[in-house]
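Q: I have a model open and want to go through it with you. Can we start with the pockets and then move to the DNA?

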Number of protein chains: 2
Amino acid sequence: MIEDVGGAEPLPGLSRERVLREAMRLADEHGMDALSMRKLGRVLDAGAMSLYHYVASKEELLDGMVDLVFAEIELPTREGDWREVMRRQLASARDVLVRHPWAVPLMESRTNAGPAGLQYREAVTACLRRAGFSIEMTAHANWLLSSCVYGYVLQEVNLPFDTAEDLAEMADEVYLPLLAPDRYPYLSETASTLLAGGYDHTAEFDFGLDVVLEALERLRVRSAGRD
Amino acid sequence: MIEDVGGAEPLPGLSRERVLREAMRLADEHGMDALSMRKLGRVLDAGAMSLYHYVASKEELLDGMVDLVFAEIELPTREGDWREVMRRQLASARDVLVRHPWAVPLMESRTNAGPAGLQYREAVTACLRRAGFSIEMTAHANWLLSSCVYGYVLQEVNLPFDTAEDLAEMADEVYLPLLAPDRYPYLSETASTLLAGGYDHTAEFDFGLDVVLEALERLRVRSAGRD
DNA sequence: GCGTACACCGTACGACGTACGCTGTACTAT
DNA sequence: ATAGTACAGCGTACGTCGTACGGTGTACGC
């Protein structure tokens with residue numbers, strides 16, 4: 001059967017690229033639960049089994065999606081203060097992961113890094129090494145910074161509100177009753193304060209990142225002075 | 001039908017407690033994929049549908065499991081230097097999460113904190129507040145420390161080896177071919193070095209934690225001096 | 001004109017979560 | 001004693017999932 005190449009829509013037949021892209025779109029818009037081979041096929045005007053010409057299995061599809069996510073993250077630039085460079089880079093990583101929240105748990109259970117994932121890690125490692133960190137310290141820093149991003153996004157996508165208004169709306173109905181002050185005095189104190197002052201995901205992220213970057217800088221300078 | 005109370009095995013009929021415990025055992029031993037209502041029922045000598053008398057849905061079952069995991073984490077003690085207390089506490093958290101790796105992605109997609117989860121967060125918040133952190137700074141510290149633990153465990157359970165021997169074994173077959181030095185010079189440099197020196201998950205965790213704790217202590221002292 | 005390769009699909013199998021309605025037992029009110 | 005009610009547990013069935021398998025038609029080399 002010949003491919004229907006009539007429409008103005010992007011229908012250049014199937015391709016691995018198109019399959020992965022559409023899978024990402026489905027996951028972004030309707031969540032990971034909505035991503036089934038049948039639904040993906042339907043979106044692509046194809047049968048479920050046709051997809052298996054481009055991905056070996058659903059697992060491999062997920063691997064590919066994760067790699068596409070890595071490819072979206074800005075790589076560290078080559079010049080500039082390493083802290084500034086990493087700040088920009090990690091902000092981009094957070095951005096991308098928040099935009100594709102399904103990717104975080106996926107990265108966790110996935111062992112096979114794709115080319116984009118490898119290139120990403122290579123670039124970050126390179127940035128730290130060029131800044132003067134030793135190999136061991138680079139490994140430490142790499143771990144710590146990645147932890148912050150992963151952990152932060154994990155927490156951000158978890159919270160059931162996106163904006164300060166959402167938060168204020170939910171507070172009365174859900175949070176305050178849950179956090180009875182007599183049972184959870186400290187939590188409820190914190191909740192009230194944050195509620196009053198507004199809550200900004202980005203500010204929270206930047207603050208933590210700053211603490212870590214400055215601490216690492218101190219270690220870098222100290223070890224450099226010892227050379 | 002009367003319950004068969006003959007055997008020496010722990011068979012006190014069904015109960016929410018028993019259902020949750022057995023679900024955890026299944027997930028621990030055979031992974032999250034193996035946790036289905038049918039299999040869980042079989043392990044409990046019951047039909048799948050009987051479980052629905054103790055959990056409203058599989059989602060609620062997962063909520064309960066997550067809360068049991070929180071309950072396993074040691075709470076911070078009341079006295080001692082806050083850094084030492086938190087170090088112990090977070091080490092316990094890492095320990096528990098590595099023992100139940102399925103819990104990490106679960107915590108991510110779960111909005112409803114159970115009593116143990118709330119109590120855990122309350123205790124950590126209390127510890128930081130009593131150490132002298134402001135409400136805002138406590139929130140920051142809480143976020144940062146949690147991120148480290150989550151992110152760290154995310155990375156640890158990801159790595160396909162547990163011990164240094166495992167790593168050495170896999171290295172030749174998998175890592176070194178993957179990390180071609182001409183394409184990924186920095187990564188392969190790091191891999192060789194870490195391989196030669198051995199790799200210790202605990203040391204890596206402790207190092208990063210120390211960096212963060214010391215940085216937070218500096219902030220605490222500085223703000224205390226301003227009072 | 002024929003053979004082969006390939007893109008694609010329909011069907012089917014065994015798993016899954018769970019809605020529904022049926023059992024048999026235990027307890028309470030009369 | 002009897003009837004009524006509540007409840008623990010189960011069997012069956014529906015619609016979903018991933019995917020193995022065996023088609024079917026078109027394109028192209030000989």
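Q: Which helices of chain A and chain B each supply at least two residues of the lining of the largest pocket?
A: This is a predicted model. From chain A, the helices are helix 3 (58–72), helix 5 (103–109) and helix 7 (135–158). From chain B, they are helix 1 (16–30), helix 3 (58–72), helix 5 (103–109) and helix 7 (135–158).

Q: How much space lies in the largest pocket?
A: About 1600 Å³.

Q: How many residues line the largest pocket, and which lie nearest its centre?
A: The lining has 46 residues. Nearest the centre are A:Pro105, A:Glu108, A:Ser109, B:Met32 and B:Pro105.

Q: How do the residues of that lining divide into nonpolar, polar and charged?
A: The lining of the largest pocket has 22 nonpolar, 11 polar and 13 charged residues.

Q: Switching to single residues. Where is B:Ser147?
A: B:Ser147 sits in helix 7 of chain B.

Q: Does B:Ser147 count as buried or exposed, and why?
A: B:Ser147 counts as buried because its relative accessibility is 0%, and the cut-off for buried is under 20%.

Q: What does B:Ser147 touch, not counting residues up to four places away in sequence?
A: On chain A, B:Ser147 touches A:Ser147, A:Cys148, A:Gly151, A:Tyr152 and A:Gln155. On chain B, the contact is B:Tyr152.

Q: Now the DNA. How many residues surround DNA strand C, and which are the closest?
A: DNA strand C is surrounded by 20 residues, the closest being A:Ser50, A:His53, A:Tyr54, B:Arg38 and B:Lys58. Of the atoms of DNA strand C that come within 4 Å of the protein, 52% belong to sugar and phosphate.

Q: What lies by the phosphate oxygens of DNA strand C?
A: Among them, an N or O atom in the side chain of A:Ser50 is 2.3 Å from a phosphate oxygen of DNA strand C. For B:Lys58, a polar side-chain atom lies 2.6 Å from a phosphate oxygen of that strand. With B:Met37 a polar backbone atom is involved, at 2.9 Å from a phosphate oxygen of DNA strand C.

Q: Which helix gives the most to the surface near DNA strand C?
A: Helix 2 (residues 37–43) of chain B, with 3 residues. The surface near DNA strand C divides into 10 nonpolar, 5 polar and 5 charged residues.

Q: And DNA strand D, which residues are the closest?
A: The closest are A:Arg38, A:Lys58, B:Ser50, B:His53 and B:Tyr54, out of 20 residues that surround DNA strand D. Sugar and phosphate make up 54% of the atoms of DNA strand D that come within 4 Å of the protein.

Q: What lies by the phosphate oxygens of DNA strand D?
A: Examples include the side chain of A:Ser36, with an N or O atom 2.9 Å from a phosphate oxygen of DNA strand D. The side chain of A:Lys39 has an N or O atom 3.0 Å from a phosphate oxygen of DNA strand D. From B:Gly47, a polar backbone atom is 2.7 Å from a phosphate oxygen of DNA strand D.

Q: Which helix gives the most to the surface near DNA strand D?
A: Helix 2 (residues 37–43) of chain A gives the most, with 3 residues.

Q: Last one: B:Arg18. Where is B:Arg18, and is B:Arg18 buried or exposed?
A: B:Arg18 is in helix 1 of chain B, and at 13% relative accessibility B:Arg18 counts as buried. B:Arg18 and B:Tyr54 are 9.6 Å apart in space, C-alpha to C-alpha, and 36 residues apart in sequence.

Definitions and conventions
Residues numbered from 1 in each chain as written. Chains lettered and ligands numbered in written order. Predicted model: local features only at pLDDT ≥ 70, side-chain atom pairs only at ≥ 80, totals over all residues. Heavy atoms only, no water. 1 Å grid on protein atoms, 1.4 Å probe; cavity = no way out; pocket = protein on both sides within 12 Å on 5 of 7 lines; lining within 4 Å. Points joined across faces, edges and corners; volume = space filled by probe spheres on them. Helix = DSSP H or I, 4+ residues; strand = E, 2+ residues; numbered from the N terminus. Nonpolar A, V, L, I, M, F, W, Y, C, P; charged D, E, K, R; others polar. Buried < 20%, exposed > 50% of the residue type's maximum accessible area, 1.4 Å probe, protein only. Contact = heavy atoms within 4.5 Å. Near = heavy atom within 4 Å. Polar contact = N/O pair within 3.5 Å; in protein donor to acceptor, adjacent residues only side chain to side chain.
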